[in-house]
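Reader: I have a new model open and would like to talk through its architecture. Could you guide me?

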Amino acid sequence: MLRSHHLGQLTDDQLTKKITLCGWADRVRAKGGVNFIVLRDRYAKLQLNIPQEIMEKQTIGREYCLKIEGVLNQRPEKDRKDDKNGAYELQVSALEVLNKSDVPPFIVDDREEINEELRLKYRYLDLRRDCMKNVVMFRIKLLNSVRSYLNSQEFLEVETPMLMKAMPEGARDFLVPSRNFPGEFYALPQSPQLYKQLIQVCGLDRYFQFARCFRDEDARGDRQMVHTQIDLEMSFVEEEDIFATVEGFLNQVFVDCFDKKIDSPFMRLTYDECMKRFGVDKPDLRFGMELFDLDEIMISSPYSYFKEVVDAKGRIAGFTVKGGAKSLSRKEIDKFSDYVKAYRSKGVFWAKVVGDDFNGGITKNIPQDQKENLLKLSGAVDGDLIVFIADTHKITNDSIGNLRNHIAKKIEIIPKNVYKFLWVTDFPMFEYDEDLKCYQAMHHLFTMPKEEHIKYFETGELEKMYGCLYDLVMNGVELGSGSIRIHTQEMQQKVFDIVGMSREDQEERFGFFLEALKFGAPPHGGIALGVARLVMTLLGLDNMRDAITFPNASSTRYALDNSPSKLDQETLDDLQLQVLKSE
């Protein structure tokens, strides 16, 4: 080893002893014959006191890679700091430059605001910063905690193929041309969905994997083309068994990573309850501002639009902002209408509560005989603000649900370091696609319908059919999705039929899977949790890319190696590919 210790191993036991250290020059100060370097490695930092005769022999700059020999001493009491190694300094007797560094494109320091594109291009420098290094270390600790728990519960860590049949699951596949089979392609897995179900058919009844997944998606701030998920599948289970397993390993994560336990079992709400109370299927439960419906109140409004919405079976829903009449200016309230336009809403209706009456906004169109009912329904008192949306169910829910989160952040009522978990259950199985003029699976095609709803296959009342589907939500972020799976060929083919897939197409795309279901496939279910999203949410990061060691940029290009890149003609010829020029 080039070093006798790393910077995390220094204790009073090494005082007055000669040691050898390696690391990077974090800061360099040389003035008036007094020379100090702050040495940094993965574990900590340490101040070096360097004699002038050693310093004069070479130039040392930031990020130089160094090997240091010297004696560890206590720093003068007045100079000691509270951080790791803050009480020590090394009196240097020998210094070797292992490698020089160019002037870094940015200062490797947590205190510096750095352009993200620059950070991604020089990710290896960005990851030297404590804030980024700590995220990497936290992620590793989290995954080790999950693995340890699942191993203790007799789960088997099984790898699934990285090259497989193309089976789009909502995004485009990344395709890999086959050299040995010209004109044919593999796909990188969007998820191990079918393979983890086949593992249950194998009889390996408790499977997990930290699965790498690939999705050729357009640029989005909360998505990456490549992500890792904690993937689980279990046989002979019901929903509550999946919930208990996930709650178990998350509780272990909190014990190992935060030294505290979380309350379990987690709260449960159905999809319908979430939409009614919060407008979204991933509500943030750290604050109130629950929704209430104003249909019966506003239907008699002199403004006829409200009656039109009710007659069209739309929704009028809102919430109360406590103290909002005083804390929010008219200009800020008006901007809420701009915000909800992103969700296709026409705007926000509002009224301030003054005493036991209303003022401003939509006040003149609130039916006089309904004002008392509105105060009672909303729970609003003097100084509060009522906001609401009136439109189709989808537009109202999307708009008011996201506006609730937006206002909560703006008025800063969301508590920090609070973790509110929620299981959202009983999602609709299908949703009608107006463009395709047919039903599509709301989550995926392999979900078992609720037993009492199987009859709707025969009656055709598919909008009434709900599935054994569940999402795990924390603080308004969807951490993962899962379901109890279909385990019979007959049921699986019925679902394929409903979404318009011909029997020939079923055989071509899923024949191998349908055949496996004929060989005693057990009842089974599972879930997958996104690792980056879990890390981001637990640490309160603003950007998912900060939870990934080497993420793609927002443009879906990798700034570090500038991929994707073009191939030479010889390689294209070998794969029998031709690149067409875009119009």
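Author: Gladly! One definition helps before we look at bridge partners: two strands pair if DSSP finds at least two bridges between them. Keep in mind, too, that this is a predicted model.

Reader: Thanks! Which residue in S15 is the bridge partner of Lys352?

Author: Start with strand S14, which covers residues 349-354. S14 and S15 run antiparallel and are joined by 3 bridges. Within S15, the residue bridged to Lys352 is Asn359.

Reader: Which strands lie at the edges of that sheet?

Author: The sheet is open and has 5 strands, with antiparallel pairing. Their order reads S12-S13-S16-S14-S15. A strand at the edge pairs on one side only, and that holds for S12 (292-293) and S15 (357-359).

Reader: How far apart are the centres of domain 2 and domain 3?

Author: The domain assignment makes domain 3 a single stretch, 287-414. Domain 2 is given as 133-269 + 422-428 + 463-486 + 524-547. Taken over C-alpha atoms, the separation of their centres is 37 Å.

Reader: Is helix H5 mostly covered or mostly open, and what covers its buried residues?

Author: Counting residues under 20% relative accessible area as buried, H5 (residues 193-202) has 7 of 10 buried, so it is mostly covered. Among the buried ones are Leu194, Leu198 and Ile199. Their cover includes strand S9 (206-214), strand S10 (226-235), helix H16 (503-516) and strand S22 (524-530).

Reader: And which residue with positive phi follows H5?

Author: Look just past the end of the helix, which spans residues 193-202. There phi is near 100°, and the residue is Gly203.

Terms used: Residues are numbered from 1 along each chain as its sequence is written. This is a predicted model: local features need pLDDT of at least 70, side-chain atom pairs count only at pLDDT 80 or more; totals for chains, interfaces and linings use all residues. Side-chain values use heavy atoms; hydrogens and water are left out. Helices (H or I, at least four residues) and strands (E, at least two) are DSSP runs, numbered from the N terminus. Domain bounds come from an automatic or database domain assignment. Buried means under 20% relative accessible area, exposed over 50%, partly exposed in between (1.4 Å probe, protein chains only). Contact means heavy atoms within 4.5 Å.
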